[in-house]
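Please load the model in your viewer and keep the selection tool handy. We will go from stop to stop, with a note on what to select each time.

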Amino acid sequence: MTRPSAAETRRRPVEVPADGATAVGERPAPRFRTYRAELPDVCPTDPTRMTFTADAEGRCQVFTWDATTGVAEQVTDRPGGTLHCAIDHDARVWWFDEDADGRGHWRFRPFEGGEDRPGLEGVPDGAPRGLALTSRGTVAVATAADDGTTVRIGRRGGRARTVTRIEGHAVLAGISPDGRHLAVSGPAGSDRAVTVLSPDGAVLAVLRGGGHGGELWALGFRPAGGADPGPADQHRVRGEDGTELLLVRQHRDRYVLAVWRPGSGLRTWEWCAFDTEITASWYPDGGSVLVRQERHGRSLLHRADPRRRSVTAVPTPPGTLLAAAVRPGGDLHCLWTSASRPPRMLSTAGTRLPPLGTVDGSVPGDHREVWTPGPDGPVHSLLALPDDALPAPAVFLVHGGPADHDRDAYDGVVHSLVASGFAVVRVNYRGSTGYGARWRRAYPAGVGLTQVQDLAAVRADLVRRGLVRADATALWGSSWGGYLALLAAGVDPGLWRAVVAVKPVADCAAAHRTATPALRALDERLFGGTPETMPAEYARSSPVSYVSRVRAPLLVVAAERDDKCPPGQVRDYLRALARAGVRHEAMWLDTGHDGYDGRDHVAVLRRGIGFLDHELRRAGHPGSRAPAPGAGHT
């Protein structure tokens with residue numbers, strides 16, 4: 001394997017010429033840009049040794065990074081790319097070696113190089129559901145196959161033994177430093193939010209979500225070797241054997257830290273509560289917790305001290321923290337970005353971190369935010385306006401999830417659209433995270449239909465303000481965002497002039513039948529049951545139910561190996577479009593729902609921007625019907 005230099009291995013944007021596809025008049029042809037930035041994982045015993053993922057000739061691969069020498073070396077060279085990696089206490093580098101269908105197993109090799117080996121022997125290939133490592137060489141892995149999740153344990157490189165098998169979607173959340181406790185989140189859709197197990201599979205505790213306590217998430221066990229909290233507080237702060245599991249609990253519409261300890265059970269830190277979603281991780285000394293809060297499209301950091309029962313703000317620049325972690329010695333690593341600034345890595349101790357490939361020069365556009373009045377409170381949108389005269393043709397870039405949100409963060413798709421002369425609107429509709437538990441639960445018009453109402457309301461607000469053109473607004477979404485784009489095209493056909501839907505759900509009932517267990521559980525929670533028990537609700541929220549109303553031309557991108565938004569229901573929707581005479585194009589990728597090959601992303605970006613340019617700025621009559629059924633189907 002050829003090992004490129006540090007400069008060559010940085011996470012650079014994938015760039016391809018646009019060939020003038022989106023150029024208008026004297027506008028120079030833009031270059032499409034997309035890349036994925038990740039914070040490196042750090043060896044607990046030697047913080048100068050790290051592993052991270054980066055672009056390698058258009059594919060995501062695993063690299064090592066030596067902070068002392070500033071040298072990056074490539075570890076993996078898989079044709080389909082590699083996304084998941086870690087580094088253990090002995091500086092062994094780990095990665096998940098998967099096939100085109102997302103099934104595989106964990107492997108490792110020494111940091112300095114050498115032969116790689118399976119993390120555990122005898123583990124059948126499956127989808128990754130968690131890796132947990134101890135300083136003593138114990139390895140626990142969770143893999144999913146046949147609608148179930150299996151947790152196995154063993155010595156690094158040794159024979160695996162099965163701990164448990166769980167029906168449905170579950171995730172290995174961590175292993176205690178002594179290897180005596182494992183935490184498993186799920187299965188999805190059950191009231192068993194977290195189960196604590198011994199290595200022989202004995203159930204030590206079942207922590208239940210739902211009810212008045214709300215949801216519950218496991219975040220990881222307290223590190224070993226932390227500072228003693230003092231004799232008076234030792235039992236209160238830690239379990240009798242030193243084991244302590246950190247969790248987030250949704251409690252009375254707030255998000256609160258909690259801990260579980262053997263012998264004393266689950267205890268909520270009422271003094272450490274937040275009004276919007278949080279995640280958290282232990283400081284390496286185990287004495288404090290770093291809390292990252294997502295609030296109104298931006299990130300805040302806090303330090304929670306259980307000994308003093310205090311929460312203090314950790315200063316960070318305004319914008320979004322894609323990741324944050326405290327490393328040995330107290331060095332805080334952050335991956336920071338804003339809508340006008342590409343991601344960059346920050347270290348409070350000045351540690352040399354891997355360079356991020358970034359765009360050259362400034363990010364185009366005037367970036368601002370807008371709040372639109374709504375029935376359950378104002379709807380927050382992030383707006384990027386081009387340099388051209390306003391109002392501008394606009395693309396509503398709809399986020400997926402639904403339990404997610406758009407951030408004050410750099411986005412390569414936004415960059416490319418704005419550079420092509422479009423305004424970009426990112427709406428944090430009802431159901432989005434970052435605005436509190438009540439906002440996430442607000443579905444008064446029904447699944448999908450509530451979100452479509454918010455998209456329409458923001459569109460009307462921006463048209464009224466003179467920022468976007470009423471006759472040139474389009475939708476672009478992926479996954480759940482693609483679903484909303486298709487649904488809006490049928491529910492509000494007079495509002496949208498073009499639609500790009502990438503890997504979408506087109507028929508909620510059909511997708512439920514063949515999707516992953518986790519997504520089936522999500523559907524049943526949102527709809528209140530299965531398609532068999534709630535058929536009217538599934539039909540009312542399905543884009544396929546509104547095909548006859550669609551007027552806008554559509555570009556539908558789907559994946560042959562997609563297990564989240566299955567290809568069969570997309571094909572049925574395309575056939576329905578053809579029968580209804582709706583002008584549309586189809587683009588098929590030979591990938592799963594999540595792909596690590598940047599060339600696929602660029603291909604979709606090129607096709608999408610060219611499609612929108614034609615429909616919003618060049619077509620004489622945007623949104624016109626095809627002269628004959630199926631005429632535009634490719």
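How many cavities of 30 Å³ or more does the structure hold? The structure, a predicted model, holds two of them.

**Stop 1: the largest cavity**

Begin with the largest cavity, which has about 70 Å³ of space. To find it, select Phe96, Gly104, His105, Trp106, Pro118, Gly119, Leu120, Val123, Val141 and Thr143, the residues that line it. Now colour strand E9 (104-110) and strand E12 (138-145), the elements that give two or more residues to this lining. Strand E9 gives the most, with three residues.

**Stop 2: the whole chain**

Zoom out and switch to a cartoon view. You should see a chain with 10 helices and 37 strands. Of its 634 residues, 57% count as buried. Among contacts with a separation of 6 or more, 56% are between residues 24 or more positions apart. If you turn on a surface, the chain exposes about 24900 Å², and 48% of that comes from carbon and sulfur atoms.

**Stop 3: the largest nonpolar core**

In soluble globular proteins, nonpolar side chains tend to be buried together. Select Phe396, Leu462, Leu475 and Leu554 next: in the largest nonpolar core, which has 60 residues, these touch the most other members. Which element gives the most to this core? Helix H5 does, with eight residues.

Centre on Leu475 and show what surrounds this leucine. Leaving out residues up to four places away in sequence, Leu475 touches Phe396, Val398, Leu455, Ala485, Ala488, Trp496, Ala498, Val499 and Val500. Apart from this core lies another, of 24 residues; to locate it, select Leu417, Val424, Trp476 and Val502, which are among its members.

**Stop 4: helix H5**

Return to helix H5 and select residues 480-491. Put a distance between the end C-alpha atoms: they are 16 Å apart, and at 1.5 Å a residue the 12 residues should span 16 Å, so the two agree. Is H5 mostly covered or mostly uncovered? H5 is mostly covered, with 11 of its 12 residues buried. The buried ones are Trp480, Gly481, Gly482, Tyr483, Leu484, Ala485, Leu486, Leu487, Ala488, Ala489 and Gly490. Two of these names, Ala485 and Ala488, may be familiar from the neighbours of Leu475.

**Stop 5: helix H4**

Select residues 449-464 for helix H4, which has 16 residues. From first C-alpha to last, H4 reaches 23 Å, close to the 22 Å expected at 1.5 Å a residue. Colour its buried residues: Leu449, Thr450, Gln451, Val452, Asp454, Leu455, Ala456, Val458, Arg459, Asp461 and Leu462. An α-helix has 3.6 residues a turn, so residues three or four places apart point the same way. Then step past the helix to Gly466, which follows H4 and has a positive phi, near 75°.

**Stop 6: two cis peptide bonds**

Most residues other than glycine have a negative phi, and most peptide bonds are trans. The remaining stops look at exceptions.

Select Gly186 and Pro187, which are joined by a cis peptide bond with omega of about 15°. Pro187 lies in the loop between strand E16 (182-185) and strand E17 (192-197). Is this proline buried or exposed? Its relative accessible area is 7%, so Pro187 counts as buried. Show its surroundings: not counting residues up to four places away in sequence, Pro187 touches Ile166, Glu167, Gly168, His169, Ala170 and Arg192. Pro187 and Ile166 are 21 residues apart in sequence and 7.0 Å apart in space, C-alpha to C-alpha.

Another cis bond runs from Leu390 to Pro391, with omega near 0°. Look for Pro391 in the loop between strand E31 (379-385) and strand E32 (392-398).

**Stop 7: two residues with positive phi**

Select Ala91, in the loop between strand E7 (85-87) and strand E8 (92-98). Its phi is near 60°, a positive value in a residue other than glycine. Ala91 counts as buried because its relative accessibility is 5%.

Finish at Arg309, in the loop between strand E25 (298-305) and strand E26 (310-314). Arg309 is not a glycine, yet its phi is positive, at about 55°. Its relative accessibility is 49%, so Arg309 counts as partly exposed.

Technical notes: Residues are numbered from 1 along each chain as its sequence is written. This is a predicted model: local features need pLDDT of at least 70, side-chain atom pairs count only at pLDDT 80 or more; totals for chains, interfaces and linings use all residues. Side-chain values use heavy atoms; hydrogens and water are left out. Helices (H or I, at least four residues) and strands (E, at least two) are DSSP runs, numbered from the N terminus. The expected span of a helix is 1.5 Å times one less than its number of residues. Buried means under 20% relative accessible area, exposed over 50%, partly exposed in between (1.4 Å probe, protein chains only). Contact means heavy atoms within 4.5 Å. Accessible areas come from the Shrake-Rupley method with a 1.4 Å probe; for residues, only the protein chains shown count as cover. A nonpolar core is a set of buried Ala, Val, Leu, Ile, Met, Phe, Trp, Tyr and Cys residues joined through side-chain atoms within 4.5 Å. On a 1 Å grid over the protein atoms alone, a cavity is a set of points where a 1.4 Å probe fits but cannot get out, and a pocket is an open set with protein on both sides within 12 Å along at least five of seven lines; lining residues have an atom within 4 Å of a point. Grid points are joined across faces, edges and corners, and a volume is the space filled by probe spheres set on the points.
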